[in-house]
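Hi there,

Here is the structure I promised to pass on. Have a look at it first, and then read my notes below.

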Amino acid sequence: IYQEMGHVYQKMNDYINAKKLYEQALESIRTSFGDHDPSLIRCFINIADIYRKEQNHQEAERHYKLALR
């Protein structure tokens with residue numbers, strides 16, 4: 001549910017709250033399913049997209065790379 005709520009905030013251009021919710025989703029997935037769950041990919045991409053929109057290309061690239069591992 002965190003990812004869905006994050007998506008709503010992202011659509012409203014509220015990147016701070018969207019990022020917080022995506023990070024909560026990451027933590028929840030890691031706690032429940034471990035570090036290798038495929039759902040983490042979408043979280044990393046969502047966070048990277050926000051950083052890209054904020055022109056923080058270094059963090060965007062870092063999160064895109066995390067999605068690829």
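**Salt bridges and their surroundings**

Arginine 62 is partly exposed, with a relative accessible area of 44%. Its salt-bridge partner is glutamate 59, and the closest N and O atoms of the two are 3.1 Å apart. Both residues lie in helix α4, three residues apart, which is about one turn of the helix. Glutamate 59 also counts as partly exposed, at 21% relative accessibility; the cut-off for buried is under 20%.

Before going further, please keep in mind that this is a predicted model.

How many salt bridges does the structure hold? There are five salt bridges, and I will describe two more here. One of them joins the side chains of lysine 19 and glutamate 54, at 3.1 Å from N to O. Lysine 19 lies in helix α2 and glutamate 54 in the loop between α3 and α4 (57-68), so this pair ties together parts of the chain that are 35 residues apart in sequence.

Is lysine 19 buried or exposed? With a relative accessibility of 13%, lysine 19 counts as buried, because the limit for that class is under 20%. Glutamate 54, on the other side of the bridge, is partly exposed, with a relative accessible area of 34%. If neighbours within four places in sequence are left aside, lysine 19 is in contact with Ile47, Ile50, Tyr51 and Glu54.

Another salt bridge links arginine 30 to aspartate 35, with 3.2 Å between the closest N and O atoms. Arginine 30 is partly exposed at 32% relative accessibility, and aspartate 35 is partly exposed as well, with a relative accessible area of 47%.

**Two more residues to look at**

Aspartate 49 lies in helix α3. This aspartate is buried, with a relative accessible area of 17%. Which residues does aspartate 49 contact, leaving aside its neighbours within four places in sequence? They are Gln10 and Tyr64.

Proline 38 sits in the loop between α2 (15-33) and α3 (39-53). Its relative accessible area is 59%, so proline 38 is exposed, the cut-off being over 50%. Although proline 38 and alanine 67 are 29 residues apart in sequence, their C-alpha atoms are 9.1 Å apart in space.

**The chain as a whole**

Stepping back, the chain has four helices and zero strands, so the order of elements from the N terminus on reads α-α-α-α. A compact globule of 69 residues would have a radius of gyration near 11 Å, and the chain agrees with that, because its own value is 11 Å. Along the principal axes, the C-alpha atoms fill a box of roughly 30 × 25 × 10 Å.

Buried residues account for 35% of the 69 residues. Among contacts between residues at least 6 apart in sequence, 37% join residues at least 24 apart. The accessible surface comes to about 4700 Å², and carbon and sulfur atoms contribute 52% of that.

Finally, on charges: the chain has 10 positive and 10 negative charges, and their mean positions are 4 Å apart.

If you open the model at your desk, lysine 19 could be a good place to begin, with its salt bridge to glutamate 54.

Best wishes

How values were computed
Residues are numbered from 1 along each chain as its sequence is written. This is a predicted model: local features need pLDDT of at least 70, side-chain atom pairs count only at pLDDT 80 or more; totals for chains, interfaces and linings use all residues. Side-chain values use heavy atoms; hydrogens and water are left out. Helices (H or I, at least four residues) and strands (E, at least two) are DSSP runs, numbered from the N terminus. Buried means under 20% relative accessible area, exposed over 50%, partly exposed in between (1.4 Å probe, protein chains only). Contact means heavy atoms within 4.5 Å. The radius of gyration is taken over C-alpha atoms; the globule rule is 2.2 Å times the number of residues to the power 0.38. Accessible areas come from the Shrake-Rupley method with a 1.4 Å probe; for residues, only the protein chains shown count as cover. Lys and Arg count as positive and Asp and Glu as negative; His and the chain ends are not counted. The place of a charge is taken as NZ of Lys, CZ of Arg, CG of Asp or CD of Glu. A salt bridge is a side-chain nitrogen of Lys or Arg within 4 Å of a carboxyl oxygen of Asp or Glu.
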